[in-house]
Amino acid sequence: MFAAPERDRYQLISEHKPGHVIAEDTGLGIKRTDDLVILQITQQGRNLDQKRALYATLAERLEAECGLAPSDLIVSLTENTKEDWSFGNGVAQFVEGQL
């Protein structure tokens, strides 16, 4: 679906007390609860069909496996390029041909 290499995962998890996150419905009429999850994913080179499939699959799996209502999931994708990554040691591994 998203064509990510195995073990290509870097995660930051932040928990916030109820009331510490404001996530209004943007005029869509979406009702949210205190179970809200916001995912921000940094990626490069995915097309619209892959992105749509990701949104749908995330909503389906989080509901099935965690009981999260699809209305309590917000996903934001940001795009970057290979030049925008250093995985350590002060080196741009993609640019240097190490990845």
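Biologist: Hi! I'm new to this one, so let me pick a residue. Where is N80 found?

Modeller: Happy to help! N80 sits in the segment after β2. Keep in mind as we go that this is a predicted model.

Biologist: Noted. Is N80 buried or exposed?

Modeller: N80 counts as buried, because its relative accessibility is 17% and the cut-off for buried is under 20%.

Biologist: And which residues does N80 touch, if we skip those up to four places away in sequence?

Modeller: With those set aside, N80 touches T42, Q43, Q44 and W85. With W85 there is also a polar contact between the two side chains, at 3.2 Å.

Biologist: Q43 is on that list. Where does Q43 lie?

Modeller: Q43 is part of strand β1. At 4% relative accessibility, Q43 counts as buried.

Biologist: What is Q43 in contact with, leaving aside neighbours within four places in sequence?

Modeller: The contacts of Q43 are F2, K51, L77, T78, E79 and N80. There is something closer along the chain too: a polar atom of the Q43 side chain lies 3.3 Å from the backbone nitrogen of R46.

Biologist: Let's zoom out for a moment. How many helices and strands are there in the chain?

Modeller: The chain has one helix and two strands. Reading along the sequence, you meet them in the pattern β-α-β.

Biologist: Is the chain compact or spread out?

Modeller: The chain is more spread out than a compact globule, because its radius of gyration is 16 Å, well over the 13 Å that the globule rule gives for 99 residues. Along the principal axes, the C-alpha atoms fill a box of roughly 45 × 30 × 25 Å.

Biologist: Can you give me two residues to get a feel for distance? What separates A53 and V91?

Modeller: Their C-alpha atoms are 33 Å apart, and along the chain A53 and V91 are 38 residues apart. A53 has its place in helix α1, and A53 counts as partly exposed at 28% relative accessibility.

Biologist: What share of the residues in the chain is buried?

Modeller: Buried residues make up 13% of the 99. The chain exposes about 8100 Å², and carbon and sulfur atoms supply 49% of that area.

Biologist: And the contacts with a separation of 6 or more: what share comes from residues 24 or more positions apart?

Modeller: Those residues account for 63% of such contacts.

Biologist: New topic: charges. How many salt bridges does a search of the whole structure find?

Modeller: The search turns up two. In one of them, the side chains of E79 and K51 meet, with N to O at 2.6 Å. That pair links distant parts of the chain, with E79 in strand β2 and K51 in helix α1 (residues 48–66), 28 residues apart.

Biologist: Are E79 and K51 buried or exposed?

Modeller: One of each! E79 is exposed, with a relative accessible area of 52%, whereas K51 is buried, with 14%.

Biologist: Nice. Which residue forms a salt bridge with E65?

Modeller: The partner of E65 is R61, and their closest N and O atoms are 3.1 Å apart. Both E65 and R61 lie in helix α1, four residues apart, which is about one turn of the helix. E65 is exposed, at 55% relative accessible area.

Biologist: Last topic: rings. How many aromatic pairs does the count come to?

Modeller: The count is three aromatic pairs. Y10 and F87 form a tilted pair, 5.5 Å centre to centre with 40° between the planes. This pair links distant parts of the chain: Y10 is in the segment before β1 (37–43), F87 is in the segment after β2 (73–79), and they are 77 residues apart.

Biologist: How well covered are Y10 and F87?

Modeller: Y10 is exposed, with a relative accessible area of 56%, while F87 counts as partly exposed at 29%.

Biologist: And why is the pair of W85 and F87 called stacked?

Modeller: Because their planes are at 0°, with the ring centres 5.3 Å apart; planes under 30 degrees apart count as stacked. W85, which you met earlier touching N80, counts as partly exposed at 24%.

Biologist: Which residues do the ring pairs link into a cluster?

Modeller: The cluster is made of Y10, W85, F87 and F94.

How values were computed:
Residues are numbered from 1 along each chain as its sequence is written. This is a predicted model: local features need pLDDT of at least 70, side-chain atom pairs count only at pLDDT 80 or more; totals for chains, interfaces and linings use all residues. Side-chain values use heavy atoms; hydrogens and water are left out. Rings of Phe, Tyr and Trp (its six-membered ring) pair if their centres lie within 6.5 Å; planes under 30 degrees apart count as stacked, over 60 as edge-to-face and the rest as tilted. Buried means under 20% relative accessible area, exposed over 50%, partly exposed in between (1.4 Å probe, protein chains only). A salt bridge is a side-chain nitrogen of Lys or Arg within 4 Å of a carboxyl oxygen of Asp or Glu. A polar contact is a pair of N or O atoms within 3.5 Å; within protein, one must be able to donate a hydrogen and the other to accept it, and residues adjacent in sequence count only if both atoms are side-chain atoms. Contact means heavy atoms within 4.5 Å. The radius of gyration is taken over C-alpha atoms; the globule rule is 2.2 Å times the number of residues to the power 0.38. Accessible areas come from the Shrake-Rupley method with a 1.4 Å probe; for residues, only the protein chains shown count as cover.
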